[in-house]
Amino acid sequence: MSRPTGRVLTLLELLQSGGTRTIAELAERLGVDGRTVRRYVDHLIDLDVPVEAVRGRYGGYRLGPGHRLPPLMLGEDEAVAVLLGLVAGRRTGLTTATATAGETAAAKIRRVLPRPLAARVDAVLESLAFTEPAGESAAPDAGILLTLADAVRHRRPVAIRYTDREGRRGDRTLHPQGVVAHAGRWYVTGRDPGIGEDRTFRLDRVNDARLLPGSFEAIEGPDPARRVLSGFATAPYRHEVTLRIRGTAEQIRTRLPASVASVTALPGTGPPSPAPEPADAREPDRSEASDVSDASDGPPWLRVEVRAERLDWLPPVLAALDLPFVVERPDELRELVVALADRFARRARRA
């Protein structure tokens, strides 16, 4: 590479680092005079790189928006960070629907890395393992993602065409509050002005998104991520479970996160009356009786509501919590808890 060409690329790298660079600063970094800096800038403009001249005492040059992406000059650390980010995004499913975009971008960066660094990066990628399974293929369309993000930033209403989980299509109007990535999926959450309620939609089920005229006021309340998690906990499922658990919200959240359960305070401090036991049930010992009856000491009782398609996973979770609890509903869960306790008791007595 000739020295002038190398300096032009160095100039591009300096401008891509951000801000306005004075001619004196650029001349010093490149080891040339101001007139040569101007000539190098003309070379970049001829290559359609959007370099803007900034007038004034502290003026100079900076990169502006253009009609296409200019060549990116990345340092070694930057190239490795981008490459690992692309790999992790593809693995977790947090990519756009154009799956080849991430692969081709990673291939381009990998191809231009210096050989010693490329070999070290390959070693990292070959030895890298993930504790979570690969994300499901539920990526959104890049154009829809960008449209919704623009609507969030400028508080613009948006019209979306959505396909629900039953396969039914419909048109909705949304005042979007945020775009949320959770568990390998993308969601948009906001207020439906037609019904005045919060709504959350999976982006991979949004078939079209279009900005509408006007704007809307910011909605008071939880942040977008909390809205999405609370929506999961209150969505309609086959079973509606109500529990009373004695402990702190932090303790409960270790096993029942916000995406699974809602936790609220109970009026008063007394626990619920325990369900009547059959006549042949064993008599609880003193420690168990005190857990249920004594509400004057220790943490308060909290109401926990869970919606689930199945109940068989809940008894082991309650056992792992190791906190006093009462099942208010459904009876089926109470029977599953008793059955699990009996199995534990039988196995504990085995020699």
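Which residues is I245 in contact with, leaving aside its neighbours within four places in sequence? Select I245 and look around it. The model on your screen is predicted. I245 is in contact with I252, P300, W301, L302 and V304. The list continues with L318, L321, L323, P324 and F325.

**Stop 1: the largest core**

Now widen the selection. I245 is one of the residues with the most contacts inside the largest nonpolar core. Add V241, L243, I252, L256, V304 and L333, which share that description. This core has 18 residues. Colour the elements that give two or more residues to the core: β8 (239-246), β10 (301-308), α11 (314-321) and α12 (331-349). Of these, α11 supplies the largest share, 4 residues. A second, separate core has 16 residues. Select L26, L30, Y40 and Y61 to find part of this second core.

**Stop 2: V306**

Go back to strand β10 and pick V306. Is V306 buried or exposed? V306 counts as buried because its relative accessibility is 1%, and the cut-off for buried is under 20%. Next, show V260. V260 and V306 are 46 residues apart in sequence. In space, their C-alpha atoms are 6.3 Å apart. Not counting residues up to four places away in sequence, V306 touches V260, A261 and W313, and also H239, E240 and V241.

**Stop 3: two packed helices**

Two packed helices are described by the angle between their axes and the distance between the axes. Show α11 and α12 alone. They pack at an angle of about 65°. Their axes are 9 Å apart. The crossing of α11 past α12 is right-handed. Which residues make the contact? From α11, select L314, P315, P316, L318 and A319. From α12, select L333, L336, V337, L340 and F344. The residues of this contact divide into 10 nonpolar, no polar and no charged.

**Stop 4: the sheet**

Move to the open sheet, which is formed by 5 strands. Trace the order β6-β5-β4-β3-β7. The pairing is antiparallel. The edge strands are β6 (197-202) and β7 (206-211), and each pairs on one side only. From one strand to the next, the twist averages 45°.

Zoom in on β3 (residues 158-163) and β7. How many bridges join β3 to β7? There are 5, and the two strands run antiparallel. Select R161: opposite R161 stands D208 in β7.

Finish with helix α7 (residues 142-154). This helix lies across β3, β4 (169-182), β5 (185-192) and β7. Helix α7 runs at about 40° to β7.

Definitions and conventions: Residues numbered from 1 in each chain as written. Predicted model: local features only at pLDDT ≥ 70, side-chain atom pairs only at ≥ 80, totals over all residues. Heavy atoms only, no water. Core = buried A, V, L, I, M, F, W, Y, C linked by side-chain atoms within 4.5 Å. Buried < 20%, exposed > 50% of the residue type's maximum accessible area, 1.4 Å probe, protein only. Contact = heavy atoms within 4.5 Å. Axes fitted to C-alpha atoms, helices over the stretch in contact; angles between N-to-C directions. Left-handed = near helix turned anticlockwise from the far one by under 90°. Nonpolar A, V, L, I, M, F, W, Y, C, P; charged D, E, K, R; others polar. Pairing = 2+ DSSP bridges.
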